Amino acid sequence: MKNRFSRTLASSFAALCAVLSNGCGNFSPTNEIPPVENFNVKRYMGKWYEIARLPHSFEDGVTDAQAVYTLQDDGTIIIENSGMKNHIRTSAHAVARSVTPGSTLGELEVSFFYPFYTMYKIIYLDKDYTLAIVTGNSMDYVWILSRKKVISKNELAMCLQMLEKWGYAIKLLQYPTGEIMSIVE
């Protein structure tokens, strides 16, 4: 089952990358939303929990989603995404690299299926590197990530306010842990 999920995730992601790379599809680009500045990739490494996301096929039905980022000696980043689907732990691995080596902007390229890469743009990151908002090339993709499994009502409200200001469809957000649903209802 794990391999089936990984193949499905890789296939979906490859299709997404192909569409985004070719400029096809009907999506609103995120060009007007800048990445964070003074990004320290070493501080970003470690475990992040997915608090909220816009729905997409490659995470359909996945709960308890989390990612572990590990910096390699060559500057690339190994990403292990995992979660529960149908009560079974599943995972998908990726590799990331800086869009511009040496840059301090929070922009990475991520590949779940080589040679296809897509944008991973960090558009919010608190000073302690404990809360982040990540998007891609399209407004159809956004994630709220935290070092903690649950964030406070104030933290969530702040993130939702930023997302709404940027034009994201916050009413469509999914909360894969289910632990904060009552806050936003």
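This is a walk through the fold of a predicted model, from its confidence to its barrel, its cores and two buried charged residues.

Let's start with how far to trust what you see. The mean pLDDT for the protein is 85, and 81% of the residues score at least 70. Confidence is highest in β7, at 98, and lowest in helix α1 (residues 2-22), where the mean is 45. Two stretches call for some care. Residues 4-26 keep a pLDDT under 50, and the model gives them 31 contacts beyond four places in sequence. Residues 181-185 also stay under 50, with six such contacts.

Now turn to the barrel. Eight strands close up in the order β1-β2-β3-β4-β5-β6-β7-β8, with antiparallel pairing. From one strand to the next, the twist averages 35°. Strands of a sheet pair through backbone hydrogen bonds, either parallel or antiparallel. On the outside of this list of strands comes a helix to look for: α3 (residues 153-166) lies across β6, β7 and β8 and runs at about 25° to β7.

Strand β5 is a good place to follow the pairing by eye. On one side, β4 and β5 pair in the antiparallel sense over four bridges, and Arg97 has Glu109 in β5 as its bridge partner. β5 also pairs with β6, again antiparallel, over five bridges. These two strands form a hairpin with two residues between them. Along this pair, Phe113 stands opposite Phe116 in β6, and Glu107 has Lys121 in β6 as its bridge partner. Five of the seven residues of β5 are buried, so the strand is mostly covered.

What fills the protein's interior? The largest nonpolar core has 25 residues, and those touching the most other members are Tyr44, Tyr69, Ile79, Tyr120, Ile122, Leu125 and Leu145. Strands β2, β3, β4, β5, β6, β7 and β8 each supply at least two residues of this core. Another core, of 20 residues, lies apart from it and includes Ile51, Leu131, Leu156 and Tyr175. In soluble globular proteins, nonpolar side chains tend to be buried together. Tyr69 gives a feel for the larger set: beyond its neighbours within four places in sequence, Tyr69 is in contact with residues including Tyr44, Trp48, Ile79, Tyr120 and Leu145.

Two charged residues deserve a closer look. Glu50, in strand β1 (residues 46-53), counts as buried because its relative accessible area is 6%, below the 20% cut-off. The side chain of Glu50 makes a polar contact of 2.4 Å with that of Arg53. Farther along the sequence, the contacts of Glu50 include Glu59, Gln66, Trp143, Leu145 and Pro176.

Lys121, in strand β6, is buried too, since its relative accessible area is 5%. What does its side chain reach? The side chain of Lys121 comes to 2.7 Å from the backbone oxygen of Ile33, and one of its polar atoms lies 2.7 Å from the backbone oxygen of Thr30. The C-alpha atoms of Lys121 and Pro35 are separated by 5.8 Å, although these residues are 86 apart along the chain. Among the other residues that Lys121 touches are Asn31, Pro34, Gly106, Ile133 and Thr135.

Note on methods: Residues numbered from 1 in each chain as written. Predicted model: local features only at pLDDT ≥ 70, side-chain atom pairs only at ≥ 80, totals over all residues. Heavy atoms only, no water. Core = buried A, V, L, I, M, F, W, Y, C linked by side-chain atoms within 4.5 Å. Buried < 20%, exposed > 50% of the residue type's maximum accessible area, 1.4 Å probe, protein only. Contact = heavy atoms within 4.5 Å. Polar contact = N/O pair within 3.5 Å; in protein donor to acceptor, adjacent residues only side chain to side chain. Pairing = 2+ DSSP bridges. Axes fitted to C-alpha atoms, helices over the stretch in contact; angles between N-to-C directions. pLDDT = per-residue confidence, 0-100.
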